[in-house]
Amino acid sequence: MAHPAYLREKARTLRIKRKLTIDELAERLALSRSTIYYWVRDLPIPGSGPGGGWPASAHAAAARANRRKHRLLRDAAYRQGSDEFAALAVQPGFRDFVCLYIAEGYKRDRNCVSICNSDAAVLRLSLAWIRRLTSKPISFAIQYHEDQDLDELCSFWGEALGIDGETIRARRKSNSGRLNGRSWRSRHGVLTIRAADTYLRARLQAWIDHMRDEWDQQTGLNSRSYGA
């Protein structure tokens, strides 16, 4: 249907002077988005689509601000971890958990807490503390060989950790099928426990640093100077 010419002019004026988006113009003038689009498509504004995106400098500034925001949040979580270490350290199993993470945990990703092992006792303790320390979902994955029975492995770990074995994701090793008779093979595969929790990872790093500092005081060496 045809619309009065003054509506088109009003839409264009608002676009230019108020920098309104197509959605905002459609709502203001009670017209369809398609009608507004055809009236103002030659008048792009920042953030309004092709030809009207924010300049690269604005994107870069926003990215820097976002990185700074999350760095400050990680730093705050690290300070929290440092402040709470003494209280946690006297609780049974906490120091063991931190030591296990130093030895077996994945430390290259600052956005997740992840530990893997083939020993059920190690993973029971680790899972208990991870559950206590995070509200994030916890996932499980198993690495196994082709000549192992995946259903039996998942059943074993489900019973050992008190979890639903069907939720365990499978990751087959690349050298599967060539390990028959090798006594060093992990009988129950290698299970990974993972929680995507950036701030727990930052707190955990503080606990790791406290433990290493204690060890350094005992040995007279500085582990951090060796990049540990």
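**Group meeting: salt bridges, strands and surface of a predicted model**

I begin with a pair of charges: the side chains of Asp23 and Arg33 meet in a salt bridge, with 2.3 Å from N to O. Asp23 belongs to helix α2 (residues 22–29) and Arg33 to helix α3 (residues 33–40), so this pair ties together parts that are 10 residues apart in sequence. Please keep in mind throughout that the model is predicted.

Why might two such side chains meet at all? As a general point, side chains of opposite charge can pair when their charged atoms come close. How exposed are the two partners here? Asp23 has a relative accessible area of 45%, so it counts as partly exposed. Arg33, at 47%, is partly exposed as well.

Let me now place this pair in the whole chain. The chain contains 8 helices and 4 strands. In sequence order, the pattern reads α-α-α-α-α-β-α-β-α-β-β-α. Of its 228 residues, 37% count as buried.

I return to the salt bridges, of which the count is 5. One of them joins Arg8 to Glu9, where the closest N and O atoms are 3.4 Å apart. Arg8 has a relative accessible area of 33% and is therefore partly exposed. Glu9 is at 43%, which means that Glu9 too is partly exposed.

Another salt bridge is formed by the side chains of Arg203 and Glu84, at 2.7 Å from N to O. This pair links distant parts of the chain, since Arg203 is in helix α8 (residues 198–219) and Glu84 is in helix α4, 119 residues away. Are these two residues buried or exposed? Both Arg203 and Glu84 are buried.

Helix α4, which covers residues 56–89, also holds Gly81. The relative accessibility of Gly81 is 0%, so this glycine counts as buried. Which residue should we look at beside it? The C-alpha atoms of Gly81 and Trp207 lie 6.3 Å apart in space, although the two residues are separated by 126 residues in sequence.

Next, the strands. How many bridges join β2 to strand β4? There are 6, and these two strands run antiparallel. Strand β4 spans residues 190–195. Within this pairing, Ala141 stands opposite Thr192, and Gln143 has Val190 as its bridge partner in β4.

Strand β2 also pairs with strand β3, residues 169–172, this time in the parallel sense and over 4 bridges. Here Gln143 appears again, with Arg171 as its bridge partner in β3. In your view of the structure, Gln143 can thus be followed to Val190 in β4 and to Arg171 in β3.

Strand β4 has a further partner in strand β1, residues 113–117: the two run antiparallel and are joined by 5 bridges. Within that pairing, Ser114 has Arg194 in β4 as its bridge partner.

Let us move to the loops. Lys136 is located in the loop between α6 (120–133) and β2. With a relative accessibility of 43%, Lys136 counts as partly exposed. Its C-alpha atom is separated by 6.3 Å from that of Ala195, a residue 59 positions away along the chain.

On the other side of β2, the loop between β2 (138–144) and α7 (150–161) contains Asp149. At a relative accessible area of 39%, Asp149 is partly exposed. What surrounds it on the surface? Asp149 gathers with Asp151, Glu152, Asp164 and Glu166 in a patch of negative charge.

Finally, I turn to the backbone. Most residues other than glycine have a negative phi. Which residues depart from this? Among them is Lys19, which is not a glycine and yet has a positive phi of about 60°. Lys19 sits in the loop between α1 (5–18) and α2, and its relative accessible area of 48% makes it partly exposed.

Ala30 is another case, with a positive phi near 55°. Its place is in the loop between α2 and α3. Ala30 has 68% relative accessibility and so counts as exposed. This loop brings us back to the opening pair, since Asp23 lies in α2 and Arg33 in α3.

To close, I would ask you to retain two pictures from this predicted model. One is β4, joined to β2 by 6 bridges and to β1 by 5. The other is the salt bridge between Arg203 in α8 and Glu84 in α4, which links distant parts of the chain.

Terms used: Residues numbered from 1 in each chain as written. Predicted model: local features only at pLDDT ≥ 70, side-chain atom pairs only at ≥ 80, totals over all residues. Heavy atoms only, no water. Patch = residues over 30% accessible without salt bridge, like charges linked within 9 Å, V, L, I, M, F, W, Y side chains within 5 Å. Areas by Shrake-Rupley, 256 points an atom, 1.4 Å probe, with all protein chains shown as cover. Salt bridge = Lys/Arg side-chain N within 4 Å of Asp/Glu carboxyl O. Lys, Arg positive; Asp, Glu negative; His and termini not counted. Charge placed at Lys NZ, Arg CZ, Asp CG, Glu CD. Buried < 20%, exposed > 50% of the residue type's maximum accessible area, 1.4 Å probe, protein only. Pairing = 2+ DSSP bridges.
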